[in-house]
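Reader: I have a model open and want to go through a few of its details. Can we start with the terms?

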Amino acid sequence: MASLQYSSLKNPTHKIQTLQHVTSSSSSSNNITKTRKNLRFIIPNKFQTNKRTAAVIKMAATLSSSLEIDHDQDELSPEDHRPLSQIWREISGENNWQNLLDPMNSHLRREIIRYGEMAQACYDSFDFDPNSKYCGTCKYQGSHFFEKLGMAGRGYTLTRFLYATSNINLPNFFQKSSAAGSVWSPHANWMGYVAVSTDEDEVRRLGRRDVVVAWRGTVTYLEWIHDLKDILRPAHFRNDPSIKIESGFFDLYTSKEKTCNYCAFSAREQVLAELRRIIHRYSGENLSITITGHSLGASLALLSAYDIAEMKLNIVDDGQEILNKIPITVFSFSGPRVGNLKFKERCEELGIKVLRIVNVHDKVPTVPGIIANEKFQYQKYIEDAISFPWSYAHVGVELALDHKRSPFLKKTSDLRCAHNLEAHLHLVDGYHGKDRRFCLVEERDIALVNKCCDFLKSDFGVPPNWWQDEHKGMVRSGDGRWVLPERPRVETHPPDTAHHFEQVIKYARAKLELF
């Protein structure tokens with residue numbers, strides 16, 4: 001298990017007091033017109049404060065004194081006291097997040113962070129170690145996935161893992177083992193998971209039963225960007241060759257390797273089959289499909305959302321010849337462009353709601369399509385008239401964040417920091433609106449920012465890249481020797497995968513005749 005679990009990340013050792021905590025304890029008779037944001041670390045009584053901790057406290061006090069801020073609650077976005085169950089469709093983008101981003105709606109902020117943490121779970125559970133024969137797998141069994149990550153109380157049950165073949169032209173994305181001897185698979189990489197809200201209290205809080213698809217990206221380096229060929233190819237999910245997708249993303253989503261148990265079905269077949277099974281199981285209930293991912297995982301999130309909608313998988317018959325539409329929402333973090341303008345227009349026609357959370361200093365969302373993109377005035381003309389082959393367009397609504405607004409983050413030339421998912425969630429926590437000051441409200445531990453990068457100011461005393469398994473997974477055997485234990489057999493695919501995918505194709509054709 002990781003040395004610091006999610007469940008311990010609200011440890012008061014790293015808790016940051018926000019302005020609300022300061023003002024709520026102040027007497028109104030003091031007539032204070034200005035205050036300083038309290039950034040001190042609170043040390044529990046049961047721990048003895050050592051010199052290092054004392055230095056951190058002194059530093060925080062110094063930083064606090066340099067951050068004198070007007071005591072104006074109007075600068076903070078107000079709390080939305082309506083139950084989420086009543087407004088979940090609005091929070092999921094029914095009205096394209098109109099009037100929810102500036103100022104930032106409190107429910108929306110929490111939902112962005114919640115789904116971002118479900119995407120982050122893909123990183124925290126992935127075996128990146130090339131010296132491990134399990135490199136490229138998920139470190140935990142599906143039945144214990146959320147428990148191992150300290151997320152057991154989230155109310156979701158993981159229903160299946162997703163895999164993709166590494167035998168495609170994205171060599172810098174996939175992780176392969178260099179260990180001697182047999183490895184779990186020479187062809188596959190674990191790519192994410194499907195989960196469904198099963199706790200009835202959580203279902204009531206959400207106002208529906210939520211189905212989540214989380215796709216893994218890459219947290220360690222950005223070299224995979226150079227593998228993109230900027231080559232657009234027809235999606236062929238419908239009979240319209242003008243709708244095109246970047247070829248690397250398409251191959252990652254649709255390719256399979258028949259000689260490998262884990263890649264016998266493509267990622268596409270796996271996710272469509274699982275969603276069909278879940279929708280069929282919970283027939284008649286109020287459902288939502290929420291897809292999330294970071295970096296390359298964000299491109300898969302959008303691509304799979306488009307596929308689900310194009311295949312009419314979210315169109316369900318209530319048994320009385322009335323077709324209901326399950327809403328599809330994508331929370332995309334630091335995602336690149338995926339397809340051309342026709343792809344963007346088709347996603348909008350299908351009603352897919354996409355909220356793109358980006359750091360304005362991150363380079364990944366600027367590619368591909370540097371020459372012709374949605375900002376180019378004549379993009380539609382060059383696509384229609386001359387079939388320009390390198391024309392790309394972002395889909396959905398953008399939430400632009402700026403890491404320079406956070407007083408916790410240092411200046412750096414490391415592009416990986418601006419791209420880091422935990423840094424994005426930190427920025428969402430402190431975001432209240434375009435021209436409003438940065439102020440943390442959800443009390444996410446700032447130490448999370450440095451899990452896999454070096455972005456926090458060193459004065460906070462949080463080491464960089466601190467997230468790892470205890471003893472790197474080594475355990476002591478009965479005879480006192482340290483060994484790397486064997487893991488349980490990696491899960492493959494449910495036996496009914498082929499059946500459910502065949503049903504997806506069958507009913508998609510039938511539904512197309514109705515439209």
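Author: A polar contact here is a pair of N or O atoms within 3.5 Å; within protein, one must be able to donate a hydrogen and the other to accept it. Note that this is a predicted model.

Reader: Which side chain makes a polar contact with the side chain of glutamate 200?

Author: That of arginine 209, at 3.2 Å. The arginine 209 side chain also makes a polar contact with the side chain of glutamate 285, at 2.7 Å.

Reader: Is arginine 209 buried or exposed?

Author: Buried: the relative accessible area of arginine 209 is 5%, and the cut-off for buried is under 20%.

Reader: What does arginine 209 touch?

Author: Leaving aside residues up to four places away in sequence, its contacts include Val196, Thr198, Tyr282 and Leu287, along with Glu200 and Glu285.

Reader: Where does arginine 209 lie?

Author: In strand 5, which covers residues 209-215.

Reader: OK, the sheet. What is the strand order?

Author: The order is 3-4-5-8-11-12-13, an open sheet of seven strands with mixed pairing. Strand 3 (156-165) and strand 13 (397-401) are the edge strands, each pairing on one side only. From one strand to the next, the twist averages 15°.

Reader: How many bridges join strand 12 to strand 13?

Author: Five, and the two strands run parallel. Asparagine 359 stands opposite leucine 401 of strand 13.

Reader: And the helices: which strands does helix 8 lie across?

Author: Helix 8 (residues 267-281) lies across strands 3, 4, 5 and 8, at about 160° to strand 3. Helix 9 (residues 296-310) packs on the sheet too, touching strands 4, 5, 8, 11 and 12, and its direction makes about 150° with that of strand 8.

How values were computed: Residues numbered from 1 in each chain as written. Predicted model: local features only at pLDDT ≥ 70, side-chain atom pairs only at ≥ 80, totals over all residues. Heavy atoms only, no water. Helix = DSSP H or I, 4+ residues; strand = E, 2+ residues; numbered from the N terminus. Buried < 20%, exposed > 50% of the residue type's maximum accessible area, 1.4 Å probe, protein only. Contact = heavy atoms within 4.5 Å. Pairing = 2+ DSSP bridges. Axes fitted to C-alpha atoms, helices over the stretch in contact; angles between N-to-C directions.
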